[in-house]
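Work through the exercises below with the structure open beside you. Try each task before you read its solution.

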Amino acid sequence: SLRMAVPADANPPQEAVAPAGAILRTVAENTRFGDQFLLDRLDLSCARDPLRVEMAWRRTIPDTTPYTIAVHLTDGTGTILDKFDFRSKEQARRPDAGHAWSDALIIPSARIPATATTLAIGIYDDSMRLLAVKHGRTDWGGRRLLVPLAPCAAEGGTPSPAFPPEALKPE
């Protein structure tokens, strides 16, 4: 589904500002990471100038372990081209939000290589142990969620030719 970007308090600090009214497309929903987290929704901007990544999360079991969100730009072979790992803003969520929060990341176009085709998302703790991904297209033995980097054309919402419509649906 397509929607308009809304302001978000980004983490880490934004290096660029996404244009107001940027078109976003949901590329993943209801994806579990271990038993601890549910990614309710992952949205990407249709444009890469800059690329906006929005993640809506829920903690599914009580746990105070700090986790890091791994965000990797990869090529068609899964090779990491750039990393944007950050500590989730879970601890800074609004008290009325319960176990739900959101993270937003702006990736400047200068940091997106022309060969980047995929955004890979993972979650790891201080021991660097990645949680298993329980829904969607994955690599690294099921420990990194893979989504198309350019999920739609700038205006029309058509999936990128590199990722046919069936690639946008979970396995």
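## Exercises on strands, core and charges

L44 stands opposite V53 in strand 4. Keep in mind that this is a predicted model.

**Exercise 1.** Describe how strand 3 and strand 4 pair, and find the other strand joined to strand 4 by bridges.

*Solution.*
Step 1. Strand 3 and strand 4 are antiparallel, with seven bridges between them.
Step 2. Look at the connection. Five residues lie between the two strands, and together strand 3 and strand 4 form a hairpin.
Step 3. Now turn to strand 8. Strand 4 and strand 8 also run antiparallel, joined by eight bridges. One pair to locate is W57 with its bridge partner W101 in strand 8.
Step 4. Check the surroundings. Eight of the nine residues of strand 4 are buried, so strand 4 is largely enclosed by the rest of the structure.

**Exercise 2.** In the largest nonpolar core, find which residues touch the most other members.

*Solution.*
Step 1. This core has 30 residues.
Step 2. F33 and L42 touch the most other members. Elements giving two or more residues to the core include strand 2 (23-33), strand 3 (37-45) and strand 4 (51-59).
Step 3. List contacts of L42, leaving out residues up to four places away in sequence. Among them are V27, V53, M55, I121 and V147.
Step 4. Recall a general tendency: nonpolar side chains in soluble globular proteins tend to be buried together.

**Exercise 3.** Decide whether H72 is buried or exposed, then find the side chain joined to H72 by a polar contact.

*Solution.*
Step 1. Locate H72 in strand 5.
Step 2. Apply the cut-off: buried means under 20% relative accessible area. H72 has 4% relative accessibility, so H72 counts as buried.
Step 3. The side chains of H72 and R144 share a polar contact of 3.0 Å.
Step 4. Follow R144 onward. R144 forms a salt bridge with D139, with the closest N and O atoms 2.6 Å apart. Both R144 and D139 are buried.

**Exercise 4.** Compare the surroundings of two further salt bridges, K134 with D35 and R52 with E54.

*Solution.*
Step 1. The whole structure has eight salt bridges.
Step 2. In the K134–D35 pair, the closest N and O atoms are 2.7 Å apart. This pair links distant parts of the chain, 99 residues apart. K134 is partly exposed, at 47% relative accessibility.
Step 3. R52 and E54 meet at 2.4 Å, N to O. R52 is buried, with a relative accessible area of 5%. E54 is buried too, with 10%.

Terms used: Residues numbered from 1 in each chain as written. Predicted model: local features only at pLDDT ≥ 70, side-chain atom pairs only at ≥ 80, totals over all residues. Heavy atoms only, no water. Core = buried A, V, L, I, M, F, W, Y, C linked by side-chain atoms within 4.5 Å. Buried < 20%, exposed > 50% of the residue type's maximum accessible area, 1.4 Å probe, protein only. Helix = DSSP H or I, 4+ residues; strand = E, 2+ residues; numbered from the N terminus. Contact = heavy atoms within 4.5 Å. Polar contact = N/O pair within 3.5 Å; in protein donor to acceptor, adjacent residues only side chain to side chain. Pairing = 2+ DSSP bridges. Salt bridge = Lys/Arg side-chain N within 4 Å of Asp/Glu carboxyl O.
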